[in-house]
Amino acid sequence: MIIGSGNNKYEWIEDWVKIPDTPGGQLNGRTHGIVITHDNNIIIFNQANPAILIFNSNGELLNTWGNRFSGAHGLTLTKSNGNEYLWLTD
């Protein structure tokens, strides 16, 4: 399915990423923040364990962390002095 028009076209790709197959990863998983890093990795903050999922642009899981954020509600990526920082709201 493709939606939008002009420069704003988006395509739904089923199973583009895989949620970690752990009891905590599959239990809830509501997503409350997605950001794109300077090197095009995708960071997702979700209400599961692990809470932070880092994927590359091909949908491959690169890293996970954060087993203490059960109430994920916000994610912001900021840049300062050449460094990127994640701000998490739990």
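Start by selecting Ile 34: not counting residues up to four places away in sequence, it touches Ile 42, Ile 43, Ile 44 and Leu 75. Keep in mind as you click around that this is a predicted model.

**Stop 1: strand β3**

With Ile 34 still highlighted, you're sitting in strand β3. Is Ile 34 buried or exposed? Its relative accessibility is 55%, and since anything over 50% is called exposed, Ile 34 counts as exposed. Now add Ile 52 to the selection and draw a distance between the two C-alpha atoms: you should get 9.8 Å, for residues that are 18 apart in sequence.

Step back one residue to Gly 33, also found in strand β3. Here the relative accessible area is 11%. The cut-off for buried is under 20%, so Gly 33 is buried. Which residues does Gly 33 touch, leaving out those up to four places away in sequence? Show Ile 43, Ile 44, Phe 45 and Leu 75 and you have them. Leu 75 was on the list for Ile 34, and here it is again for Gly 33.

One more distance before moving on. Pick the C-alpha atoms of Gly 33 and Ser 57: they are 24 residues apart along the chain and separated by 17 Å.

**Stop 2: the loop after β3**

Follow the chain out of β3 (31-36) into the loop that leads to β4 (42-46), and select Asn 41. Asn 41 has 16% relative accessibility, so it counts as buried. What is it in contact with, once neighbours within four places in sequence are set aside? Light up Val 35, Ile 36, Ile 54, Phe 55, Asn 56 and Leu 62.

Next, pick Asn 40, which lies in that loop between β3 and β4 too. Check its backbone: phi is near 65°, a positive value in a residue other than glycine. As for exposure, Asn 40 comes out at a relative accessible area of 48%, so it is partly exposed.

**Stop 3: across to Gly 59**

Keep Asn 41 on screen and add Gly 59. The two are 18 residues apart along the chain, with their C-alpha atoms separated by 9.1 Å. Gly 59 has its place in the loop between β5 and β6 (61-65). Because its relative accessibility is 11%, Gly 59 counts as buried. Setting aside neighbours within four places in sequence, Gly 59 is in contact with Trp 16 and Val 17.

**Stop 4: a cis proline**

Where is Pro 50? Look in the loop between β4 and β5 (52-55). Zoom in on the peptide bond joining Asn 49 and Pro 50: it is cis, with omega at about 0°.

**Stop 5: between β2 and α1**

Head towards the N terminus now and select Asp 15, in the loop between β2 and α1. Asp 15 is not a glycine, yet its phi is positive, about 60°. With a relative accessible area of 52%, Asp 15 is exposed.

Trp 12 is found in the loop between β2 (8-11) and α1 (23-27). Switch on its side chain: Trp 12 is exposed, at a relative accessible area of 58%. What does Trp 12 make together with Met 1, Ile 3 and Tyr 10? Turn on the surface and colour these four residues to see a nonpolar patch of about 560 Å².

**Last stop: the whole chain**

Zoom out and switch to cartoon. How many helices and strands are there in the protein chain? You'll find one helix and eight strands, and in sequence order they run β-β-α-β-β-β-β-β-β. The C-alpha trace spans about 40 × 35 × 20 Å along its principal axes.

Colour by accessibility next: of the 90 residues in the chain, 30% are buried. The accessible surface amounts to about 6,400 Å², and carbon and sulfur atoms account for 50% of that. Then pick out the charges: there are 5 positive and 8 negative side chains, and the centres of these two sets lie 6 Å apart.

If you like contact maps, finish with one. Taking contacts between residues at least 6 apart in sequence, 30% of them join residues at least 24 apart.

Definitions and conventions
Residues are numbered from 1 along each chain as its sequence is written. This is a predicted model: local features need pLDDT of at least 70, side-chain atom pairs count only at pLDDT 80 or more; totals for chains, interfaces and linings use all residues. Side-chain values use heavy atoms; hydrogens and water are left out. Helices (H or I, at least four residues) and strands (E, at least two) are DSSP runs, numbered from the N terminus. Buried means under 20% relative accessible area, exposed over 50%, partly exposed in between (1.4 Å probe, protein chains only). Contact means heavy atoms within 4.5 Å. Patches are made of residues with over 30% relative accessible area and no salt bridge: like charges are joined within 9 Å, nonpolar side chains (Val, Leu, Ile, Met, Phe, Trp, Tyr) within 5 Å. Accessible areas come from the Shrake-Rupley method with a 1.4 Å probe; for residues, only the protein chains shown count as cover. A salt bridge is a side-chain nitrogen of Lys or Arg within 4 Å of a carboxyl oxygen of Asp or Glu. Lys and Arg count as positive and Asp and Glu as negative; His and the chain ends are not counted. The place of a charge is taken as NZ of Lys, CZ of Arg, CG of Asp or CD of Glu.
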